[in-house]
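Here are my notes on the model you sent over. Have it open while you read, and go through the points one by one.

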Amino acid sequence: MAKGKDVRIRVILECISCVRKGANEESTGISRYSTQKNRHNTPGQLEFKIFCPYCRKHTTHHEIKK
């Protein structure tokens with residue numbers, strides 16, 4: 001049986017470089033990754049350096065709300 005408040009939740013990580021650039025000719029989109037986090041161990045927002053295919057380099061990805 002699933003509980004109402006699961007400990008592990010699905011989160012979406014979004015590239016902050018693509019969001020700041022907006023829609024310009026260099027970037028054709030916004031890089032997003034989905035992952036899971038433990039709500040009790042990580043109450044704050046996640047932040048990782050992940051490869052962005054649109055920027056073509058490793059950039060910081062922050063957790064966004066669904």
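1. Start with Glu 14 and Arg 32, whose side chains meet in a salt bridge, with N and O 2.6 Å apart. Keep in mind that this is a predicted model. The pair links distant parts of the chain: Glu 14 belongs to strand β1 (residues 8-15) and Arg 32 to strand β2 (residues 32-38), with their positions 18 residues apart in sequence. Are the two partners buried or exposed? Glu 14 is buried, at a relative accessible area of 11%, while Arg 32 is exposed, at 52%.

2. How many salt bridges does the structure hold? There are two. Besides the pair in point 1, Glu 63 forms one with Lys 37, and here the closest N and O atoms are 3.2 Å apart. This pair also links distant parts of the chain, since Glu 63 sits in strand β4 (residues 57-64) and Lys 37 in strand β2, 26 residues apart. Glu 63 counts as buried at 14% relative accessibility, and Lys 37 is buried too, with a relative accessible area of 7%.

3. Now step back to the overall layout. The protein chain has one helix and four strands, and reading along the sequence you meet them in the pattern β-α-β-β-β. Of its 66 residues, 26% count as buried. The chain exposes about 5200 Å², and carbon and sulfur atoms supply 49% of that area. If you take contacts between residues at least 6 apart in sequence, 51% of them join residues at least 24 apart.

4. In which order do the strands lie in the sheet? The four strands form an open sheet in the order β2-β1-β4-β3, with antiparallel pairing. The edge strands are β2 and β3 (47-52), each of which pairs on one side only. On average, neighbouring strands of this sheet are turned by 45° against each other, ignoring direction. As a bit of background, strands of a sheet pair through backbone hydrogen bonds, and the pairing can be parallel or antiparallel.

5. Next, go across the sheet pair by pair. β1 and β2 are antiparallel and share seven bridges; along this pairing, Leu 13 stands opposite Tyr 33 in β2. β1 and β4 also run antiparallel, joined by four bridges. Here you meet Glu 14 again: its bridge partner in β4 is His 62. β3 and β4 complete the set, antiparallel over six bridges, and Ile 50 has Thr 59 in β4 as its bridge partner.

6. Thr 59 deserves a visit of its own. This residue is found in strand β4 and counts as buried, at 5% relative accessibility. What does Thr 59 touch, not counting residues up to four places away in sequence? The list is Cys 15, Ser 17, Phe 48, Lys 49, Ile 50 and Cys 52. So Ile 50, the bridge partner of Thr 59, is also one of its contacts, and Thr 59 is buried.

7. Two of those contacts are cysteines, so check for disulfides: a search of the whole structure finds zero, the cut-off being 2.5 Å between sulfur atoms. Cys 15 is in no disulfide, and the nearest cysteine sulfur, that of Cys 18, is 3.7 Å away. Why is Cys 52 not bonded to Cys 18? Their sulfurs are 3.5 Å apart, and Cys 18 has the closest cysteine sulfur to that of Cys 52, so the gap is too far for a bond. Cys 15 is buried, with a relative accessible area of 0%, and Cys 52 is buried with a relative accessible area of 0% as well.

8. Finish with Arg 10, in strand β1. Is Arg 10 buried or exposed? Arg 10 is exposed, with a relative accessible area of 51%. Leaving aside neighbours within four places in sequence, Arg 10 is in contact with Thr 35, Gln 36 and Lys 66. You can also look from Arg 10 to Arg 39: the two are 29 residues apart in sequence, and their C-alpha atoms are 9.9 Å apart in space.

Key: Residues are numbered from 1 along each chain as its sequence is written. This is a predicted model: local features need pLDDT of at least 70, side-chain atom pairs count only at pLDDT 80 or more; totals for chains, interfaces and linings use all residues. Side-chain values use heavy atoms; hydrogens and water are left out. Helices (H or I, at least four residues) and strands (E, at least two) are DSSP runs, numbered from the N terminus. Buried means under 20% relative accessible area, exposed over 50%, partly exposed in between (1.4 Å probe, protein chains only). Contact means heavy atoms within 4.5 Å. Accessible areas come from the Shrake-Rupley method with a 1.4 Å probe; for residues, only the protein chains shown count as cover. A salt bridge is a side-chain nitrogen of Lys or Arg within 4 Å of a carboxyl oxygen of Asp or Glu. Two strands pair if DSSP finds at least two bridges between them. Axes are lines fitted to C-alpha atoms, for helices over the stretch in contact, and angles run from 0 to 180 degrees between N-to-C directions.
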